[in-house]
Structure formats: structure tokens, C-alpha cells
Amino acid sequence: MTLSAVIFYLLGIVILTATGLAVTRQQPVHAVLYLIVAFLGTAALFFLLGAPLLAAFVVIIYAGAIMVVVLFVIMLLQRSPHDLRLLSEWGPAVLLGVIFLAVAVSMVFKDDGSGIVLQGAVAQPRDFGRFLFDKYWLAVEIVSILFLVALVAIIHLGKRRETDADEDDVNPVRNPNGASHPTAEQRSIISNGVKEGHS
Amino acid sequence: MIVPLGHVFLLAGLVFAMGLVCLVAHRNLIMTLIGVEVMMNAAAIAFVAASLRWQLMEGQAFVLFILAVSAAEISLGLALVVSLYRRTGSIDPDRYDILKW
């Protein structure tokens, strides 16, 4: 067993342990922290498998940016998720996962190619970037459009709804009894009713 | 010489199954999104391993796009969660029953 293989199995143990702990936590904050460990292990694994640029991207984007955004949103929702207990349906979920895993493992090891030992090779960041912008520049542009669409949608969703309330107040004639869509008061009554009905 | 290809795929499959369980079993929208992230991470591991197996850079390019799509997905999903929390005061999907009269 070479040194690379030892490193691979250690990283595999780290990734599996951290992910397993993350998906079973009740508190999302703990899950996110364990997931950061899992992503750092994944970055090291990418480095081992010859993708140093992707390792850097995983550290920056996954472990750095995305997880911090998730943490901020968890802090934004002040209600501590104590009442969000784990579903009582761990049984069916685990059964589903085990069936999927059995099928996937049997498919992987049925193929003769799975025994091929990987040869070490490194895609230098310079070569990788040249390759990407040479052959897949259109996909890069499409991804930028995807980000633009996501940005517009997030700004629209994140806007406070005061504009709707103003509209209802300013134009009572056009919308005399608020029949077409609920006013702000009605909406708050609805949401309060939902909250009280379940607590 | 690192390891057989099947072992890397086995690792990716295990991580993917964990993400699947997290996605199905939790009753918290944030944990659901985390499950999707874990599944995308597993897909990225499999792509990098395949890229090394065939000594082609297409797999790594695909991982870059997986990263981009995953970033867009998680940010949009979190914006939806915040919007839903503002409307209903809860992030439990079972409580979204305004339309049920």
C-alpha cells in the first residue's frame, strides 16, 4: 500500500465520519460545522486526485462562502429549531439509502474497470484554465447567465413586502374589499392562525 | 498509483446515500438543503475520480460547473426559506398548509 493509498483511506474515513455526523445532527449549526470538515477533506481528496485548482475552489466556495451563508441564514431565523424534531421516518429513509447503496455498489463492482488502479496525474491550474476557456467558454457564459437569474430571483424574494401593503392602502377604490388578494392585515392574521393552530 | 477506481466510487456512493437520507429524513428545510449539498459533493468526487481514470480534463471542468450550480441553488434555496419563514413563521414544511381549508 503506497503512501497515496494510505492518505486516501484516511481522507475517506474523515469525509464519511464528518458527513455522517452532519446528517444526523438536530441543530443545523452543528451540521454545518461538521460539513465544513467534510468539505475540507473533500478538498484534500481533490488535491490527491490531481485537481489542485478544484481543491482551492472547494475550500473557497463550499467551505468558505456557501457554509457561511447557511450559517447566516440559520442566525437570521431566530427561532431555535427545537420543535423541528427529526422525522420519525428514519426507518424508510435509511432503507431507501441502503437500497440505493447496494444497487450502486453492485453496479460499480460488476464492471471490470473498477479494479483499475488510478495513475497519479496533476492537471496544472494553468492548463486547466486554458482548457476550460478554450473548449467550454460557452458553458462558462451560460453559467454567468444562471448566476444573473439567481441574483434577480434572490433580490425579488428578499425584498420586504411593504410595497404590496402600500398599494393596498393607496388604491382602496380599485380593490374595495381586498377580495382579489389578501391585505397585509389579513395575511398576518392568516399566518398567526397558522402559528397558533399548531402550537 | 493511488487506489482502485471502485474504491473512490464506493466513497462517493456512501456520501451520496448519506445525503439522500438527510434529504428525506429531516423535517427542517435547512437540513434538506444541506442534504442536497452533500449529494452534489459526492457527485463531484465521482467526477474527479473519473477524470483521473481516463486522464481527461472534462471531468474536472464538469466539477467546476457543479460548483457553480450548487452555489446558485443553495443561495436561491436559502432565499426561499427566508421568504417562507417571513410568511408563515416556520421552516417546517409540514406547517405550510395555508392552502388547505
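Okay, let's start with a definition: helices (H or I, at least four residues) and strands (E, at least two) are DSSP runs, numbered from the N terminus. With that in hand, chain B comes to three helices and zero strands, and along the sequence the pattern reads α-α-α.

A quick word on what you're looking at. This is a predicted model, where local features need pLDDT of at least 70 and side-chain atom pairs count only at pLDDT 80 or more, while totals for chains, interfaces and linings use all residues. Residues are numbered from 1 along each chain as its sequence is written, and chains are lettered from A and ligands numbered from 1 in the order in which they are written.

Now, chain B overall. Its C-alpha atoms fill a box of roughly 60 × 25 × 20 Å along the principal axes. The radius of gyration, taken over C-alpha atoms, is 17 Å; a compact globule of 101 residues would be near 13 Å, going by the rule of 2.2 Å times the number of residues to the power 0.38. Buried residues, meaning those with 20 or more other C-beta atoms within 10 Å of their own (C-beta atoms placed from the backbone), make up 57% of the 101 residues.

On to where the chains meet. How many residues does each chain bring to the contact? Chain A gives 77 and chain B gives 62, with contact meaning C-beta atoms, placed from the backbone, within 7 Å. On the chain A side, H4(A) gives the most, with eleven residues. By class, that side has 58 nonpolar, 16 polar and three charged residues. Here Ala, Val, Leu, Ile, Met, Phe, Trp, Tyr, Cys and Pro count as nonpolar, Asp, Glu, Lys and Arg as charged, and the others, Gly among them, as polar.

Let's zoom in on H3(B). Helix H3 of chain A (residues 52–76) and helix H3 of chain B (residues 58–88) pack at an angle of about 5°, axes 11 Å apart. Axes are lines fitted to C-alpha atoms, for helices over the stretch in contact, and angles run from 0 to 180 degrees between N-to-C directions. That makes the two roughly parallel, a label for angles under 35 degrees. The residues of this contact divide into 16 nonpolar, two polar and no charged.

H3(B) also packs with H6(A), at about 10° with axes 9 Å apart, so these two are roughly parallel as well. Among the residues making that contact are Phe147(A) and Leu157(A) from H6(A), and Phe65(B) and Leu76(B) from H3(B). This contact splits into 15 nonpolar, three polar and no charged residues.

How values were computed: Buried ≥ 20, exposed ≤ 12 C-beta atoms within 10 Å, placed from the backbone. Parallel < 35°, antiparallel > 145°, perpendicular 65-115°, else oblique. Contact = placed C-beta atoms within 7 Å.
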